[in-house]
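Visitor: I've got this model open on my screen and I'd like a close look at a single part. Could you walk me through one chain, from its build to how it meets its partner?

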Amino acid sequence: MDKRSNEPFWWALFGAGGVVAALTVPVLLLLTGIAFPLGWLPAPTHDSLYALFSHLLVRLAILVIVSLSAFHWAHRFRFTLYDGLQIKHLNAPVAFICYGSAIAFTVFAAVSLYTF
Amino acid sequence: MSYGRYKKYHPLLYRPRHPILWWIKKWAYTRFILREMTSLAVMFYAIVLVLYVNAVAKGPEAFAAFSEWLASPLSITLHSVAFCFAVFHSYTWFNLAPKAMVIRVGKKKIPGSAIMAANYAMWAAVSVALYWVFTTI
């Protein structure tokens with residue numbers, strides 16, 4: 001049986017998600033979550049956002065951002081639970097819940113974005 | 001694995017438990033836990049972004065309703081906290097990058113400060129580009 005660790009695989013997703021989130025999340029969050037709702041900037045209309053998201057490449061980019069962000073969260077939060085709550089002995093269920101959530105979220109995002 | 005003959009205490013297996021808030025006493029530890037907690041903010045925004053696109057897909061009414069929720073005090077509070085964590089994530093991520101990634105050109109090592117500067121330049125460029133997209137559409 002192949003006993004090689006699958007940690008590098010999850011770590012690679014964590015790293016890619018860390019980069020993508022570091023580059024895109026602050027500005028996107030500031031725009032859609034703070035500046036537009038508070039009227040600091042004129043919020044884009046439904047029509048203009050609909051036109052923007054109609055591009056397949058835009059939705060693909062969003063899928064990459066949200067999915068990698070989810071895997072970034074899964075990996076980091078898994079180790080935060082181990083260290084913070086000292087539950088290293090619950091390795092398997094915690095890993096299953098964290099990565100499972102990220103996979104489920106990716107499926108949800110992919111279906112949502114595909115059926116736009 | 002065998003741990004020898006039966007005895008009541010196993011010093012080798014003894015792991016003292018620390019209090020759950022072990023990280024609160026020292027700023028370096030608190031900073032570490034806060035850094036790890038930035039992943040919650042990243043996940044929070046990933047969910048919001050998908051719901052945002054979904055609301056746009058459903059039509060003007062659904063988008064108006066979602067925009068109304070975005071303007072609610074609860075949402076503004078959540079987003080403000082998440083924004084601080086997101087910036088902290090970017091800051092700590094880019095500052096650690098030179099340690100995780102050593103680039104050599106020939107025999108010369110590219111200095112960490114140059115890698116950091118490139119990261120920050122990239123962050124600025126991406127931010128400006130996304131700002132431009134959302135304010136010119």
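**A close look at chain B**

Guide: Sure, let's take chain B, keeping in mind that this is a predicted model. Reading from the N terminus, its elements go α-α-α-β-β-α. That makes four helices and two strands in chain B. Don't picture a neat ball, though: the radius of gyration of chain B is 23 Å, well over the 14 Å that the globule rule gives for 137 residues, so the chain is more spread out than a compact globule. Its C-alpha atoms fill a box of roughly 75 × 50 × 30 Å along the principal axes.

What about the inside of the chain? Of the 137 residues in chain B, 20% are buried, meaning that 20 or more other C-beta atoms lie within 10 Å of their own. As for contacts within chain B, take those between residues at least 6 apart in sequence: 45% of them join residues at least 24 apart.

Now for the partner. Here 45 residues of chain B are in contact with 42 residues of chain A. On the chain B side, α1 (27–58), α2 (60–70), α3 (73–100) and α4 (112–136) each supply at least two of the touching residues. The largest share comes from α1(B), with 17 residues. Sorted by class, the side of chain B that touches chain A has 33 nonpolar residues, along with ten polar and two charged ones. If you want to trace that side on your screen, α1(B) is a handy place to begin, as the largest share comes from there.

Definitions and conventions. Residues numbered from 1 in each chain as written. Chains lettered and ligands numbered in written order. Predicted model: local features only at pLDDT ≥ 70, side-chain atom pairs only at ≥ 80, totals over all residues. Contact = placed C-beta atoms within 7 Å. Nonpolar A, V, L, I, M, F, W, Y, C, P; charged D, E, K, R; others polar. Rg over C-alpha atoms; globule rule 2.2 N^0.38 Å. Buried ≥ 20, exposed ≤ 12 C-beta atoms within 10 Å, placed from the backbone.
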